[in-house]
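Student: I have just opened this model and would like to learn how its descriptions are justified. Could we go through a few of them together?

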Amino acid sequence: MTIVGMQALGYFPGMRILFLNGPNLNMLGRREPGIYGSMTLKDIQEQVTDYGENHGASIEFRQSNSEADLVTWIQQAQEDADAVVINAAAYTHTSIALRDAIAAIQTPVIEIHLSNIHAREEFRHRSMIAAVCVGQISGFGHNSYFLGLQAAMALAQSQAGQSG
Ligand code: DQA
């Protein structure tokens with residue numbers, strides 16, 4: 001039987017997935033809970049790390065309010081990670097620097113958002129990073145992080161399939 005799609009997740013133990021979080025995401029849980037939910041970033045990190053580790057991946061979470069930190073971490077992901085899942089928060093809508101950093105590396109990057117940015121204010125509809133990411137997950141609350149993880153694992157799997 002051929003196993004396809006998500007059923008085959010977890011076949012690549014040791015896969016390194018880096019979650020990057022942008023400005024104000026350290027305030028999750030307290031910040032506009034009607035939009036962003038009541039879980040803290042630490043709660044999400046713990047659950048996503050458990051899930052990822054149970055599927056053989058190694059998960060790292062970072063958060064910064066500084067655009068410069070995020071640019072540096074994206075650059076380093078070329079060596080440090082097999083896939084990046086990024087919630088660039090407000091920098092999504094403004095940062096050419098983040099876009100250029102993502103375009104500069106070969107490591108695949110997946111864009112995620114807790115809220116559906118396309119259903120909100122017009123200035124959130126445009127993502128500066130979308131075109132250089134593999135894809136975008138937006139609007140599933142904390143589950144956007146789990147979906148981002150699954151997308152990262154599926155990507156690594158198809159890349160490993162292509163190279164071997
Ligand atoms: C966000 C959406 C952005 O528009 C906003 O600036 C954020 C969070 C989200 O996860 O829904 O800070 O990225």
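Tutor: Gladly! Let's begin with a term: two residues are in contact when they have heavy atoms within 4.5 Å. By that rule, and leaving out residues up to four places away in sequence, I44 touches L28, M39, F61, L114, H142 and Y145. Keep in mind that this is a predicted model.

Student: What makes F19 count as buried?

Tutor: Buried means under 20% relative accessible area. F19 has 1% relative accessibility, so F19 counts as buried.

Student: And how do you know whether F61 is buried or exposed?

Tutor: The reasoning runs the same way. The cut-off is under 20%, and F61 comes to 12% relative accessibility, so F61 counts as buried. Y145 is buried too.

Student: Why is the pair of F19 and F61 called stacked?

Tutor: Rings pair if their centres lie within 6.5 Å, and planes under 30 degrees apart count as stacked. For F19 and F61 the centres are 4.7 Å apart and the angle between the planes is 10°, so both conditions of the rule are met. This pair links distant parts of the chain, with F19 in strand β1 and F61 in strand β2, 42 residues apart.

Student: What makes F61 and Y145 a stacked pair?

Tutor: Their ring centres are 6.1 Å apart and their planes lie at 20°, so this pair is stacked as well. It joins F61 in strand β2 to Y145 in helix α5, 84 residues apart. Ring pairs thus link F19, F61 and Y145 into a cluster.

Student: Which residues have the most contacts inside the largest nonpolar core?

Tutor: They are I17, F19, I44, V48, I59, F61 and Y145, in a core of 27 residues. Helix α5 gives the largest share of this core, 7 residues. There is also a second, separate core of 19 residues, which includes V71, A77, I102 and C133.

Student: How do you know that the buried residues of α4 line one face of the helix?

Tutor: Those residues are L98, A101 and I102. Seen down the axis of α4, they fall within an arc of 100°, so they line one face. In general, an α-helix has 3.6 residues a turn, so residues three or four places apart point the same way. On the other side of α4, A103 and A104 are exposed.

Student: What covers the buried residues of α4?

Tutor: The cover includes α3 and β4.

Terms used: Residues numbered from 1 in each chain as written. Predicted model: local features only at pLDDT ≥ 70, side-chain atom pairs only at ≥ 80, totals over all residues. Heavy atoms only, no water. Buried < 20%, exposed > 50% of the residue type's maximum accessible area, 1.4 Å probe, protein only. Helix = DSSP H or I, 4+ residues; strand = E, 2+ residues; numbered from the N terminus. Arc of directions from axis to C-beta. Core = buried A, V, L, I, M, F, W, Y, C linked by side-chain atoms within 4.5 Å. Phe/Tyr/Trp six-rings, centres within 6.5 Å; stacked < 30°, edge-to-face > 60°.
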